[in-house]
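Trainee: I have a structure open and would like to talk it through with you. Shall we take it one question at a time?

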Amino acid sequence: MNTERVSLGMPAAPPGAPGTVGGLADGAAPRPGAALRPGAPGSGLVDQFGRVATDMRLSLTDKCNLRCSYCMPAEGLAWLAKAKLLTAAEIVRLVGLGVDRLGVRELRLTGGEPLVRADLVEIIAALRRNHPSLPISLTTNGVGLAGKAQALADAGLSRLNVSMDTLHHDAFLQLTRRPFLDQVLAGIEAADAAGLRPIKVNAVLLRGVNEGHAAELLGWCLERGYELRFIEQMPLDADHGWTRDGMITAAEIRELLAASFELVPDPRARDGAPAERFEVRRHGSPTLLGTVGIIASVTEPFCADCRRTRITAEGKVMSCLFSRTEVDLLALLRAGSSPADDAAVAERWQDAMWAKPRAHGMGHPGLGDADFVQPDRSMSAIGG
Ligand code: SAM
Ligand code: SF4
């Protein structure tokens with residue numbers, strides 16, 4: 001078993017200690033918390049360990065126009081038939097259920113690549129009409145964003161994350177298997193101009209490909225006021241090529257950046273955010289240049305404070321990225337037509353979340369451990 005810092009995802013506080021979410025110390029038993037059980041008034045999306053999901057990630061499509069090697073195979077995947085995808089109306093209904101009945105407080109639209117969905121702008125406009133103050137963000141690879149950023153902003157999108165792993169054309173081509181870096185750069189610029197701020201840039205580092213570009217990418221983001229977040233590579237690639245020894249760890253990322261910048265932990269509370277944030281300065285300079293985030297899902301997991309509930313493009317609840325159990329809401333949505341069915345859909349969603357595994361889709365954190373089984377779905381088919 002890998003022991004490197006994995007215990008950090010499990011607070012040492014005893015179960016139920018004030019200020020902890022779950023207090024999932026190693027060996028801790030589930031806290032049934034009868035008052036919070038699904039179905040209890042105000043229970044929301046609570047799980048058996050006492051964590052409450054308020055952050056909804058909804059995948060709009062499994063399709064994508066890139067083939068990032070850490071996510072998709074070169075030949076792509078067998079795409080879902082359109083009839084199997086949630087329709088715009090079903091998406092609006094599910095978000096409504098989440099927000100109005102189940103305590104969802106923020107929404108992220110993702111995929112696959114959400115920009116390939118032709119009715120994206122209409123979906124966002126409808127969500128915004130129904131939920132005027134809900135933070136609605138989008139995670140995109142930025143391809144085609146330049147022509148859509150203003151329409152997305154006008155429809156009511158709050159902000160977006162653009163995934164871009166390098167500023168080098170050759171490395172971009174190697175990582176994504178497509179020559180679209182200039183489109184991504186133009187997309188980020190257009191999103192900035194449209195006011196979709198703060199713009200966050202997501203980057204995954206692969207050994208021997210782009211780890212040497214980390215500090216340069218950070219400098220580029222800081223100059224423009226974008227927040228860069230490095231994501232540790234997780235075992236969610238369709239090729240099942242991930243290895244614990246091959247991935248670049250958060251500790252290595254901090255070292256790579258330290259050659260050019262001084263990083264100091266951001267004093268602001270993390271408050272359930274997956275990224276650990278650092279203030280960034282040049283060595284020997286007091287001037288704060290901005291912040292950088294590191295999402296260390298593998299080596300410094302934050303499962304104990306997880307607030308996410310995920311719905312796939314075909315309407316299945318995944319309580320955890322690494323869960324191998326899915327609960328079908330679409331079948332229920334399509335079985336009935338009256339608003340009275342809302343209670344049944346909400347209850348099934350709650351049941352799915354109640355069963356959320358403790359960490360990394362199993363009973364303990366440890367993505368490289370012998371008992372970890374990679375889910376059949378790759379990241380693009382879950383919704384990152
Ligand atoms: N296509 C959009 C994009 O790339 O931003 C949205 C979906 S993508 C699955 C969401 C995020 O997951 C991206 O930032 C991507 O870099 C990240 N991602 C994909 N596969 C990953 C993996 N195996 N490990 C870590 N992050 C991954
Ligand atoms: Fe597509 Fe995003 Fe996966 Fe890359 S990470 S293949 S852009 S879904």
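**Burial, sheet, cores and ligands**

Mentor: Happy to! Of the chain's 384 residues, 44% count as buried. Keep in mind as we go that this is a predicted model.

Trainee: How many helices and strands does the chain have?

Mentor: Both kinds of element are present, and we will meet several of them below. The count for the chain is 10 helices and 14 strands.

Trainee: Among contacts between residues at least 6 apart in sequence, what share joins residues at least 24 apart?

Mentor: One pair gives a feel for such separations: L102 and L45 are 57 residues apart along the chain, with 6.0 Å between their C-alpha atoms. A304 and F49 are 255 residues apart in sequence, with a C-alpha to C-alpha separation of 8.7 Å. For contacts in the chain between residues at least 6 apart, the share that joins residues at least 24 apart is 71%.

Trainee: Which strands are the edges of the open sheet of 12 strands?

Mentor: Let's read across the sheet, whose pairing is mixed: β9-β10-β11-β8-β7-β6-β5-β4-β3-β12-β13-β14. An edge strand pairs on one side only, and the strands that do so are β9 (261–265) and β14 (327–328).

Trainee: In which sense does β11 pair with β8 and with β10, parallel or antiparallel?

Mentor: In the sheet order β11 sits between β10 and β8. On one side L228 stands opposite V292 of β11, and on the other R277 has G293 of β11 as its bridge partner. With β8 (residues 227–231) the pairing runs over four bridges and is parallel. With β10 (residues 276–282) there are five bridges, and the pairing is antiparallel.

Trainee: How many of the five residues of β6 are buried?

Mentor: β6 lies between β7 and β5 in the sheet order. Its pairing with β5 is parallel over four bridges, and T140 has V162 of β6 as its bridge partner. Strand β6 (residues 159–163) is mostly covered, and the number of buried residues is four.

Trainee: Why do the buried residues of α2 line one face of the helix?

Mentor: In helix α2 (residues 120–130) the buried residues are L120, I123, I124 and L127. An α-helix has 3.6 residues a turn, so residues three or four places apart point the same way. These buried residues pack against α1 (88–101), β5 and α3 (149–155). They line one face because, seen down the axis of α2, they fall within an arc of 95°.

Trainee: Which helix gives the largest share of the largest nonpolar core?

Mentor: That core has 93 residues, and L218, L228, F230 and W349 touch the most other members. The largest share is six residues, and they come from helix α9 (residues 342–354).

Trainee: What is W349 in contact with, leaving aside its neighbours within four places in sequence?

Mentor: W349 is one of the residues that touch the most other members of the largest core. Its contacts beyond those neighbours are L45, L102, V317 and L329.

Trainee: Is L102 buried or exposed?

Mentor: L102 is placed in the loop between α1 and β4 (106–110). Setting aside neighbours within four places in sequence, its contacts include L45, A346 and W349. L102 has 25 C-beta neighbours inside 10 Å, so it counts as buried.

Trainee: And A304, is it buried or exposed?

Mentor: A304 is found in the loop between β11 and β12 (308–311). With 23 other C-beta atoms within 10 Å of its own, A304 is buried.

Trainee: Which residues come nearest to ligand 1?

Mentor: The shell around ligand 1 has eight nonpolar, 10 polar and two charged residues. β5 (136–140), β7 (200–204) and α10 (379–382) are the elements that give two or more residues to it. Of the 20 residues around ligand 1, the nearest are C71, S163, N202, M379 and G384.

Trainee: Which residues come nearest to ligand 2?

Mentor: By class, the shell around ligand 2 has six nonpolar, five polar and two charged residues. Of the 13 residues around ligand 2, those that come nearest are C64, C68, C71, N141 and S380.

Conventions. Residues are numbered from 1 along each chain as its sequence is written. Chains are lettered from A and ligands numbered from 1 in the order in which they are written. This is a predicted model: local features need pLDDT of at least 70, side-chain atom pairs count only at pLDDT 80 or more; totals for chains, interfaces and linings use all residues. A residue is near a molecule or strand if its C-beta atom, placed from the backbone, lies within 6 Å of it. Ala, Val, Leu, Ile, Met, Phe, Trp, Tyr, Cys and Pro count as nonpolar, Asp, Glu, Lys and Arg as charged, and the others, Gly among them, as polar. A nonpolar core is a set of buried Ala, Val, Leu, Ile, Met, Phe, Trp, Tyr and Cys residues joined through C-beta atoms within 7 Å. A residue is buried if 20 or more other C-beta atoms lie within 10 Å of its own, exposed if 12 or fewer, and partly exposed in between; C-beta atoms are placed from the backbone. Two residues are in contact if their C-beta atoms, placed from the backbone, lie within 7 Å. Two strands pair if DSSP finds at least two bridges between them. The arc is that of the directions from the helix axis to the C-beta atoms.
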